[in-house]
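User: Hi! I've just opened this one and would like to talk it through with you. Could you keep me company while I look around?

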Amino acid sequence: MGRITEDLIRRNAEHNDCVIFSLEELSLHQQEIERLEHIDRWCRDLKILYLQNNLIGKIENVSKLKKLEYLNLALNNIEKIENLEGCEGLAKLDLTVNFIGELSSVKSLQHNVHLRELFLMGNPCADFEGYRQFVVAALQQLKWLDGKEIERSERIQALQNFPEIERQIREQEKAYCLRRAKDKKEAQRKLREEHEDREEESRLGFDSPTSAESKDHLQAPETQGGDPNKKKLGDIEDDLDFWNKPSLFTPESRLETLRHMEKQRKDREKLSEKKKKVKAPRTLIAEDGRALNVNEPKLDFSLKDDEKRNQITLDLAVYRYMDTSLIDVDVQPTYVRVTVKGKPFQLVLPAEVKPDSSSARRSQTTGHLVVCMPKVGEVVTGGQRASRSVKSTSDSGREQTQDRSKRTEKLEVDPSKHSFPDVANIVQGEKHRPRRVRPEPEVIPSEEDPDFEDNPEVPPLI
């Protein structure tokens, strides 16, 4: 059951920045609180206090709340009005649907001179003959009782008949107290018997070696050897018996009902915990060793096979403002895997790539991740034509391709098989070297040349 704690008050004081010493309004309804405590020391400035629909059995620890104007204690287990004399500013008190049988205890409110509204409907005392007249005469400062305004003539008549009405109320109170004592004694007896039964079941269930065998034959056939998460037939019958049996409207029966509901809630939580299964990790590699295509983060992507650069480019639409430390890239020869915030993205590649030569970078504008992966096959250029070399997956094949690309290739021609216009200088071997052709000397015209014409206007050549 719930208790009033500092943390509970702070969580319900968000409108006051969780500051409790200056709190003026506090709502602690439906918290299963059994005792009223600590509020008068922690929240001295309270003006409005909501405590309805709890299990409070006594009004206490509120006498220091001098500024309190409205106190709501509806739907609780209160049996007597008391300890409110110190609430000097109290103007409205709601005690709807409680267990107040001592109607004469309303006289304790005579010191609350500012009290204007009082609610007592739903209490046993509200069924007493002369109830309203007694309250109107006892609390002359009241203006409203149970939501109905008190007329001046009604108060005058109640005051005139007050001695007779008070005598009737006392007699009815006495009869109610006798019934209440009997009901309380019966409730205590039932509670004691249930406690003894639970202890007996516990002893038989855990101490006796034959208890399991004795309990198995009492269960329904479908529960034996079945799902342990399913509710046993005996538990269902006990639950139905509890809700179907008649019960008195007493604080004890209300507590019993609430505890039974609490037990059911805990049982449901245990069942739900058992049913929860750990989520199996995502399968990335099949049993036969094949890599699978997985897109758990559900990101858009594009895969481009760049023939010109002989590489494969992956453009993954990673979230723009995501920190790069949350992204992990793993390039393998046949697939690429990107882990985004723990969620894998894996894609099988159309060709084998070089993981060591691959690169990954992010766009500064879009935040996309671009992974460039060179293919294993390379392009060898000779003359104006480019021919693709043969792909080899073995290490020896790769080394041969790299050595061949580093060496200078020589063109060898066999003149016996091919005819060319001029093959005089193309020979085989190193014995015959091609002869050098000397350049012809430049012929400079002289004055002795018959075709020479001396023009004085032309400057001489120096």
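User: Let's jump right in: which residue in β15 is the bridge partner of A360?

Analyst: That's V371. Keep in mind as we go that this is a predicted model.

User: Noted. How many bridges join β14 to β15, and do the strands run parallel or antiparallel?

Analyst: There are 4 bridges between them, and the strands run antiparallel.

User: What sits between β14 and β15 in the chain?

Analyst: They form a hairpin with 6 residues in between. One to click on is G367 in the turn, which has a positive phi of about 80 degrees.

User: And on the other strand, how many bridges pair β10 with β15?

Analyst: β10 (residues 311-316) pairs with β15 (residues 369-374) over 6 bridges, in the antiparallel sense. As an example, L316 has L369 of β15 as its bridge partner.

User: So what's the strand order of the sheet?

Analyst: It goes β9-β10-β15-β14, an open sheet of 4 strands with antiparallel pairing. β9 (301-306) and β14 (359-362) are at the edges; each has a single partner strand, so one side of each has no neighbour in the sheet.

User: How much does the sheet twist?

Analyst: The twist averages 15 degrees from one strand to the next.

User: Where do side chains point in a regular strand, generally?

Analyst: As a general rule, they alternate between the two faces of the sheet.

User: Switching topic: R132. Which helix is it in, and is it buried or exposed?

Analyst: R132 belongs to helix α3 (residues 131-138). Its relative accessible area is 16%, and the cut-off for buried is under 20%, so R132 counts as buried.

User: An arginine in there! Which side chain does the R132 side chain make a polar contact with?

Analyst: The side chain of E154, at 2.7 Å.

User: What else does R132 touch?

Analyst: Leaving aside residues up to four places away in sequence, R132 touches L145, K148, E149 and I150, along with E154.

User: Zooming out, how many helices and strands does the protein chain have?

Analyst: It has 9 helices and 17 strands. Of its 462 residues, 30% are buried.

User: What about the exposed area?

Analyst: The protein chain exposes about 32,900 Å², with carbon and sulfur atoms supplying 49% of that.

User: Last one: among contacts between residues at least 6 apart in sequence, what share join residues at least 24 apart?

Analyst: For the protein chain, that share is 46%.

Notes
Residues are numbered from 1 along each chain as its sequence is written. This is a predicted model: local features need pLDDT of at least 70, side-chain atom pairs count only at pLDDT 80 or more; totals for chains, interfaces and linings use all residues. Side-chain values use heavy atoms; hydrogens and water are left out. Two strands pair if DSSP finds at least two bridges between them. Helices (H or I, at least four residues) and strands (E, at least two) are DSSP runs, numbered from the N terminus. Axes are lines fitted to C-alpha atoms, for helices over the stretch in contact, and angles run from 0 to 180 degrees between N-to-C directions. Buried means under 20% relative accessible area, exposed over 50%, partly exposed in between (1.4 Å probe, protein chains only). Contact means heavy atoms within 4.5 Å. Accessible areas come from the Shrake-Rupley method with a 1.4 Å probe; for residues, only the protein chains shown count as cover. A polar contact is a pair of N or O atoms within 3.5 Å; within protein, one must be able to donate a hydrogen and the other to accept it, and residues adjacent in sequence count only if both atoms are side-chain atoms.
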